[in-house]
Amino acid sequence: MKLHRKLIAACLLSGAAVSGWSQNATMEDVERSFHPYDFEMPETGKLQPGVVVTKDNVDEIGKDFLDEGMYQMVKDGWVDITVGKLTPIVQNEKYIEATRKNLNTATLGEEVGELRGYVAGRPFPTPPSLDDPRAGEKLAWNYRFGLHFGDAGAIYPFYWTFRDMNTGKVEKTLKMEFNAYNWKHRTLDEPIPEVDPNPANIFRTIYMRVDEPFDVKNTQLLIHRYEDDLKRDNAWLYLGFQRRVRRLAAGQVTDSFLGSDLMIEDFEGYNGRISDMKWDYKGVRWMLVPFYEHDKMELGDQYKEDDGFRYITFGGQGGCFPNITWQVRKQYLVTATPVDPSHPVGHRDIFLDAQTFAFSRINIYDRGDKLWKMWFIGQGPDYASLPANQGQGVPVYDGFGMMDIQAMHCTTGQFKTEIHPDRVTPKRFTPQYLRAVGK
Amino acid sequence: MAYSRYNSKRGAATAALSGGALLALALCAGAPQVLASDMDVAGFVENATYYRESRGISKSRNTAQVEFGKDISGAFKTSRMTFNATLRATYDAVYELNDGEWGENAGGPITLANGTFGGRVPHGGGLKFAVGGVPTGLPPTLGFPPSTDFTPFFGGPASPNAMFGLPNVVSMSNPNEGLEMLGGHLSSENGGIAFGVPVRPCDIDRRGCKPLEDYMDLDESEMAWSDFNDRWDFIREFYLSGSFDLANDDQVGFKVGKQQIIWGRTDLFRVLDVINPVDYSRNNIYDELEDIRIPMWMAELEYRWGATEFFGDINLSFVWNFDKFRPSNLGQAGQPYQILDAGSFFRGMANCWENGCTVSNFPVPAPGGGLAGLGAVDFGPGVIGIRDVKLPEWNLSNTQFGIKLEGVKNEIGFSLNFLETRQQLPVLRGHIPSIDPFNPFVIDDYDYALAFDIEFPRVTLIGGSLDLYWDAIKSAFRIELAHTDGEEFADTSVPDLYSESDVVRWVVGWDRSTFIPFLNKDRAFLISAQAFGQHLLDHNEHIGAVLPGLPPPGKVGMADHENNYLFTLLIQGWYMNDRLNPQIIMAHDYESGHTTIAPAIEWLLDNHWQFTLRANYKIDDGVSTWDDDRASIPYPGLSAALTGGATTGLAPTASNGGLRGANPLGRFADGPLGMAQEEDEIQITVRYRF
């Protein structure tokens, strides 16, 4: 199979060399997009699995594979990075097939945020080109329609820990549930291709509920994202002590969520509209990113689950860094700059994983162009996850960290992710559900 | 004996304290072991100590609250089902720590203004009604001992001291001690009426308690241990909640048990959120509604279509409140928190009915006709006051129900609401049998007489709500509107002294997150403003008639404003990852002019400890006055006395509004903010969450 793909790649690469960058994607592009490591592997030098990058050797072996934020942290001795083996993450064939079937049907509109003709799968599998002024935007669309939780997913329990990055003191721990559900462009889980009826023309919905601690218990968040990206998301918040569902003002989406270092806009890396940002593609980087096989990591016993599931642990400066292995993977660097001049973020440097289109690493700069926060999200193959997730062909999120470098504070997340759980249905994503579940 | 001391109070309090502590301990420590291991258990213990300027400690409330939740989805073929319970034990030590203000030693002797006759007289020292009707300085002459019960002979006022209106106000049953003057915390009488209010708990001083039985007749231990009563309020919530998935993908939801059901979308103002009554005795209007709604045994059944071809979400729910009716708890005379000072007014009036009372600045006819002046007058039992509280008995027809259609259309959330309920605030209905002080052998239901029963009429509410987001100004709006039919209000222009009015209430709320960089460059502030309007559609207000011997007429009718508006503003900020949360709340009553400012700062030390420091400061704007019915002529004898005419055959006459004061109806014009204007406080709360 790999040989077959390489042959196709060789043939088509020669064609590409002649024609230069082309807007039209090819089947080769699809293969390259979903199986990049069948076509090219990183030259990592001494950076081999098992090697630990420390402040003492980072300049020698790691600097070229770290972004400026992570490099500085290693250099300062805040964290050592253990290198893991590259684990290609195979995605569900139905999604890939949808990409093939609908190849070149998606086109950008005149405005950022306008997408025409998209049906399903990855809308722009063509390798991005620095010559394409809208390449960053296309990558953002690929992220939006990626298989982040398949067509529906849940994280429960979902532990968020607030930490003082100077002292490591744990200030607060939230226990939550997170659900996401795609109403359109579904490829894996019935109903396919979309939920009907869907009078509001919703693309995706997110639901969160806080179970602990007591002061925010029963807080619930509901977000409706519409198919029309130019349309503002709608968000509702249920506050346990008020027992009411309140419409959320847009400003609250770009504000700290429950005191964490994340804004609602930071969920999953970026949880906003495409049209809210200006997307600039900056090129390919081979980067150390937090991808790993969950079951081979150093797992903790802090939280007990009935099924024996164990979570990743955290260490390093302030306990803000995951005790995992990092692997060198192909990343696309995109700079996302908010359109709204009053947005608290100056810009984000986003490293998208070229295979899964997860926002693996993000450096967030303030409006003074000073590094403000650093984000990572851990992702791994389904075979290393819960038994129910295995074979789903969906990359599995496993943990996150958001470090506020200026405030020396971080929020870390530990996941138990379920792909396509039966309980996550459209009925869960209504304001009424918030009222029914909230006490 | 109506007035007694409960000598074993301290022992009872100790026993109650021990019992409550044991319960709290059991709730906190034992429950997790006793209940199933997968039961979700959380809660807190808390001390809230408030200090009121001029009166000292006004609250030292200790609370233990435990919440239980258990997921039993799948049971009875449900797709989701949970059991939820909340138990709360509250002990307020203020009645021990500051018993000179709020407990067994509260109150004292009082004096009352003697109007145009000059000076002040002690309670019981007012002018007496002589036989023949005209008040004089003579003592009562009828030779029955005060404890003689004439009720079997004459019916009417159920008072053991009924003296046909011939007063013996100061007796062993109604001494001048343990009293406060009604409204005295706000001002002196200023030419208006006032009377003594017994302010000691009902186990210490029974005066004014019996007529308010089961409504405002709490003993000290019941005030201190407010959750432990015969309605088992320590069970804050106890219900099953769940849903069934139907074959057509719709859902049927249910919620049955003791619970709070919340309608509407706004804070503080209860336009649609009126299913549960509210306990204002906890901290007036300032505690979170979650903590002061009085849970009721109710069932809610809901059909959820979810998204349809037309609606983004749509559901229909039916609520049945099958619990025995409970009015809102307004607080009792002698408690630190009383909304509108109503508890004092009611108990003082109940004491007037039961034992008689001295009323300041009352019109005194001249012996030859006309008005001699205003003076402190002693009324005997059964003449004026509150006779009874008519709480509806439980029967099927007395239960309450509501229907709500709620959904989302074009990104606008909406609801349509219908509720058949009862007025949770009391209405004083006049026209009950009482004694004519000018002819004490006649008991009749006189027009305009200041003799009342408290009732809670049926009310029908129809309303709706909206929420929407306006992107251009990055703001969310919340709107509620309700029309009620059946509400009753005090009205000095009609013979029953109350009348019905349809009411429209509305609230518009505005929320916006806004960065204020010089205060916090990293975290936005929430700015939330609300405007509340209330319109009495059948408002009754006019200038009274010229009456012989009385001052020129003034306004009479309903003291409640025909149109009134309140405004609130909340600015809330967050620092240190939301562990340090300052906020300021301001509320302004447009018609009365009163303003409250409540700054607060909350500090969450960790997952467990929480400190809150608040202030509650009022900018007062004086005291409102209204016609107090002194200028009415309920009794033929009074008419005769004023006109020098015959004692019979004259029609009763409504008040002409020429005499007015802060008591009793000015309190409705002043509203909750104005009536608490002397309650500036510093409030400290320490909470341990688990």
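In strand S37 of chain B, Arg689(B) is the bridge partner of Phe44(B). That pair is a handy place to start a walk through this predicted model. We begin with the strands of chain B, then turn to chain A, and end where the two chains meet.

**Strand pairs in chain B**

Phe44(B) belongs to a pairing of strand S1 (residues 40-52) of chain B with strand S37 (residues 681-689) of chain B, which is antiparallel and has nine bridges. S37(B) also pairs in the antiparallel sense with strand S34 (residues 609-619) of chain B, over eight bridges. In that second pairing, Ile684(B) of S37(B) has Leu613(B) standing opposite. S37(B) can thus be followed to S1(B) through nine bridges and to S34(B) through eight.

Another strand with two listed pairings is S3 of chain B. Strand S2 (residues 56-71) of chain B and strand S3 (residues 80-92) of chain B run antiparallel and share 11 bridges. Here Thr86(B) in S3(B) stands opposite Glu67(B). S3(B) is also joined to strand S10 (residues 235-245) of chain B, again antiparallel, by eight bridges. Met81(B) has its bridge partner, Gly242(B), in S10(B).

The table collects these antiparallel pairings, together with one from the sheet described next.

| Strands of chain B | Bridges | A facing pair |
|---|---|---|
| S1 and S37 | nine | Phe44(B) and Arg689(B) |
| S34 and S37 | eight | Leu613(B) and Ile684(B) |
| S2 and S3 | 11 | Glu67(B) and Thr86(B) |
| S3 and S10 | eight | Met81(B) and Gly242(B) |
| S19 and S22 | three | Leu428(B) and Ile454(B) |

**A three-stranded open sheet in chain B**

Chain B also holds an open sheet of three strands, ordered S16-S22-S19, with mixed pairing. Which strands stand at its edges? They are strand S16 (385-389) and strand S19 (427-429) of chain B; each has a single partner strand, so one side of each lacks a neighbour in the sheet. From one strand to the next, the twist averages 35°. Between S19(B) and strand S22 (residues 451-455) of chain B there are three bridges, and the two strands run antiparallel. Leu428(B) and Ile454(B) of S22(B) stand opposite each other.

**The overall form of chain A**

Chain A contains seven helices and 21 strands. Its radius of gyration is 21 Å, close to the 22 Å that the globule rule gives for 439 residues, so chain A is as compact as a globular protein of that length. Taken along the principal axes, the box filled by the C-alpha atoms of chain A is roughly 65 × 55 × 45 Å.

**Two crossing helices**

Helix H2 (residues 27-34) and helix H5 (residues 93-101) of chain A have axes that come within 10 Å and cross at roughly 150°. Angles over 145 degrees count as roughly antiparallel, and H2(A) and H5(A) are therefore roughly antiparallel to each other. Their crossing is right-handed. H2(A) brings Met27(A), Val30(A) and Phe34(A) to the contact, while H5(A) brings Ile96(A), Thr99(A) and Arg100(A). Sorted by class, the residues in this contact are four nonpolar, one polar and one charged.

**Backbone details in the loops of chain A**

Where do the cis prolines Pro193(A) and Pro197(A) lie? Pro193(A) sits in the loop between S6 and strand S7 (202-212) of chain A, and Pro197(A) is placed in the loop between S6 and S7 of chain A. The bond joining Ile192(A) and Pro193(A) is a cis peptide bond with omega of about 10°. From Asp196(A) to Pro197(A) the peptide bond is cis as well, with omega near 5°.

Another loop has its own detail to look at. Phe357(A) is not a glycine, yet its phi is positive, at about 60°. This residue lies in the loop between strand S17 (345-353) and strand S18 (359-366) of chain A.

**Where the chains meet**

How many residues of each chain are in contact with the other? The contact involves 38 residues of chain A and 49 residues of chain B. On the side of chain A that touches chain B, strand S6 (170-182), strand S10 (244-247) and helix H7 (431-437) of chain A each supply at least two residues. The residues of that side comprise 14 nonpolar, 12 polar and 12 charged.

Methods:
Residues are numbered from 1 along each chain as its sequence is written. Chains are lettered from A and ligands numbered from 1 in the order in which they are written. This is a predicted model: local features need pLDDT of at least 70, side-chain atom pairs count only at pLDDT 80 or more; totals for chains, interfaces and linings use all residues. Two residues are in contact if their C-beta atoms, placed from the backbone, lie within 7 Å. Helices (H or I, at least four residues) and strands (E, at least two) are DSSP runs, numbered from the N terminus. Ala, Val, Leu, Ile, Met, Phe, Trp, Tyr, Cys and Pro count as nonpolar, Asp, Glu, Lys and Arg as charged, and the others, Gly among them, as polar. Two strands pair if DSSP finds at least two bridges between them. Axes are lines fitted to C-alpha atoms, for helices over the stretch in contact, and angles run from 0 to 180 degrees between N-to-C directions. Angles under 35 degrees count as roughly parallel, over 145 as roughly antiparallel, 65 to 115 as roughly perpendicular and the rest as oblique. A crossing is left-handed if the near helix is turned anticlockwise from the far one by less than a right angle, and right-handed if clockwise. The radius of gyration is taken over C-alpha atoms; the globule rule is 2.2 Å times the number of residues to the power 0.38.
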